[in-house]
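Dear colleague,

Please find below the structure that I am handing over to you, together with its sequence. My notes on the strand arrangement follow.

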Amino acid sequence: NIGCGGELSDVKMMQQNRVSPFGRIFWRFIRNADRMVAINREIEAELLADDVSSEKVVRIPNGFVAGNVSLGRSYSVDGPLRVVSVGRLDPQKAFDVLIDAFACPSSPEALCEIYGGGKEEPILRQRISDRGVEKKIALVGIVSNVIDRLREKDVFVLVSRAEGLSNRSEEHT
């Protein structure tokens, strides 16, 4: 299952030994698999461009149907905008960009909660402190009831440098 395409492509990372010193060897090994799952057209194209046989490539699109999530219909107009973002705390997810946006002098009155955990947590906590937005942004950690929490917010923000399986339904584009 190839999970990411584009600039931070899993294929490119392995080919260039950017995943580990054994990336190229690992890539040659997995190219021999009977099937390779591409989760979007971009990854499918990358595999085919690397001469992976089209018979081996199976594209399985987005596994999350956003239409199954009921959204809030009333929003707070008294007080700050309630923003939420969800993801792995990793440089690929670009939470540093979100933090910097909240630190802009022209940013609207808003409070943001970020749900997720990962290796970048201490770096993000320091960035929040350095930017002086401790009262605006909370790193909540891993939560089990994300859908319920989303209903309590006004805006969901997806920041990312690359997404393998975003919530965009490519079958309808």
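Val-84 has Phe-156 as its bridge partner in strand E6. Please note that the model is a predicted one. The two strands concerned, E3 and E6, run parallel and are joined by two bridges.

On the sheet as a whole: four strands make up an open sheet with parallel pairing, and their order is E5-E4-E3-E6. E5 and E6 (155-156) are the edge strands, each pairing on one side only. Helix H4 packs on this sheet, where H4 touches E3, E4 and E5. The direction of H4 makes about 165° with that of E4.

Turning to the centre of that order, E3 (residues 81-86) and E4 (residues 110-115) are parallel and are connected by six bridges. Within this pairing, Ser-85 is bridged to Ile-114 of E4. Together with H4 (residues 95-103), E3 and E4 form a β-α-β unit that is right-handed.

A further crossover follows: from E4 the chain passes through helix H5 (residues 121-131) to E5, again as β-α-β and with right-handed sense. E4 and E5 (residues 137-141) pair in parallel over four bridges, and among the residues involved, Tyr-115 has Gly-141 of E5 as its bridge partner.

As you examine the strands, it may help to recall that side chains in a regular strand alternate between the two faces of the sheet.

With kind regards

Definitions and conventions. Residues are numbered from 1 along each chain as its sequence is written. This is a predicted model: local features need pLDDT of at least 70, side-chain atom pairs count only at pLDDT 80 or more; totals for chains, interfaces and linings use all residues. Side-chain values use heavy atoms; hydrogens and water are left out. Two strands pair if DSSP finds at least two bridges between them. A crossover is right-handed if, with the strands pointing away from the viewer, the path from the first strand over the helix to the second runs clockwise. Contact means heavy atoms within 4.5 Å. Axes are lines fitted to C-alpha atoms, for helices over the stretch in contact, and angles run from 0 to 180 degrees between N-to-C directions.
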